[in-house]
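Reader: I should like a close look at one part of this model, namely the surroundings of the ligand. Please describe them in a connected account.

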Amino acid sequence: MTTYLAVEGGYPLKGSVGIHGAKNSVLPILAAALLAPGECVIHNCPSLSDVEASLAILRHLGCTARREGEAVVVDASAPIRYDVPDELMREMRSSVIFLGAVLGRMGRARMCAPGGCELGPRPIDLHLAAIRALGGTIAETEEGLLCQGRLHGADIVLSLPSVGATENAMLAAVCADGVTTITNAAREPEIVDLQNFLLALGARVRGAGSSVITIEGNVPLHGGSYTVMGDRIVACTYLAAAAAAGGHVEVTGVDWRHLSTVTAVLTEAGCTVRSEPGRIALTCPKPLNGVRPIRTAPYPGFPTDAQAPVMAALCRGSGCTVFVENMFDSRYRHVDELIRMGADIRVEGRVAVVYGVRRLHGARVRAADLRGGAALVVAALGAEGQSQVEGLHHIDRGYQCLEEDLTALGARIFRRQ
Ligand code: EPZ
């Protein structure tokens, strides 16, 4: 029996919605909790399937991990294992983020390579190069990668500002003897959140948010508590939904500076956006117009995770918008589904050209990945008639309560079997 979201389009959105904790911040923070020989309380932790997968990995390693309302409590006083089971690696590609923490805490780590995912190949060569620079040895065995060794400080230079490789290098470096620098580090806000969490555990880390991060390793750590930042991509998704359906929506609990490249595009498309500390309000009085080319890039550039939701909003309106997806090889899988709703989009490799159409119509569509699935919901809200969005397991990885939040804003959306 397929579960799907039934959406009745054509209703403008109106109201205010609080944004839950950031998936891409809490996942590395949960891995970092493994480093502390004590109890960590992680507040504003979203209820997502990727979070559940991370808690399952922590429990497998010998930690206790339990949810207490909006918080998760992890106790890594006595981890006993150093392997991440294949089935958990397959459930969540980003489990590779545990590599640095397990190696750092246990002295060895075993996991299968994450392999490819919906977005195309997910290489981890930069993660492994960072581990080797810190003195880790890596053997490829039939059970997967076996990393081991006593880690020492190093000057790591990343050939590209990979978010995951930066996070893995930070977590391993916290346990290394000596000082580590990471040059060409990713500058995403989630990296800053991870640094702030590590500081709460007593680690000595500085520079997150810039291209050079410095870690003074092997400092005694302790448990602590921390509140995760709001999810900037969920906020972008809700603002794109308001742009697609029309109306007036305010999102709270997120730092407006983290999504200013996206709000700038929505403003250029004809929305009115007012940003202030802790809240962003968007009004969309009329159909959108096309905007200058949107090129995805590492932060602070236009976020690749916002490409699909923003494309979905720009499908209905006038004019033409060129997208260039520079971060992943296969991140246009939502395009065919948007075309089934009447969108006019041409894809040539990394380039997608969106010609705004006057109206979209409802259709039965299927999500192929997390943000592409959210994009189908965005488009359905602005389409005429009924849509059916399947593939909810993708969407549930990154959106805690999509249909509840959108219903509170006036959308007609129901989860059905
Ligand atoms: C993180 O993935 C996010 N995931 C992604 O969000 C996000 O799209 C991405 O960063 C870019 O912002 C989490 O934080 C859990 P990368 P990550 O390493 O770390 C290449 C979502 O929807 N690369 O910065 O995997 C890689 O192939 C998800 O929430 C290498 O070549 O991203 C990609 O082309 C999707 N070798 C580019 O770098 C490596 O060793 C950026 O990847 C690592 C990466």
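Author: The following account concerns the ligand and the residues around it.

This is a predicted model, in which local features need pLDDT of at least 70 and side-chain atom pairs count only at pLDDT 80 or more, while totals for chains, interfaces and linings use all residues. Residues are numbered from 1 along each chain as its sequence is written, and side-chain values use heavy atoms, with hydrogens and water left out.

The space that the ligand takes is the largest pocket. A pocket, on a 1 Å grid over the protein atoms alone, is an open set of points where a 1.4 Å probe fits, with protein on both sides within 12 Å along at least five of seven lines; a molecule sits in it if more than half of its atoms lie within 2 Å of its grid points.

Around the ligand there are 21 residues, of which Asp 125, Leu 126, Ser 162, Asp 305 and Met 327 come nearest; a residue counts as near if one of its heavy atoms lies within 4 Å.

Oxygen atoms of the ligand take part in polar contacts (pairs of N or O atoms within 3.5 Å). In the side chain of Lys 23, an N or O atom is 3.0 Å from a ligand oxygen; for the side chain of Arg 331 the distance is 3.3 Å. Pro 123 contributes a backbone N or O atom, 3.4 Å from an oxygen atom of the ligand. The protein covers 85% of the 820 Å² of accessible area that the ligand has on its own, by the Shrake-Rupley method with a 1.4 Å probe.

Two or more residues of the shell come from each of α1 (23-32), α5 (125-133), α6 (163-174) and α12 (370-381), these helices being DSSP runs (H or I) of at least four residues. With three residues, α5 gives the most.

Note on methods. Polar contact = N/O pair within 3.5 Å; in protein donor to acceptor, adjacent residues only side chain to side chain. 1 Å grid on protein atoms, 1.4 Å probe; cavity = no way out; pocket = protein on both sides within 12 Å on 5 of 7 lines; lining within 4 Å.
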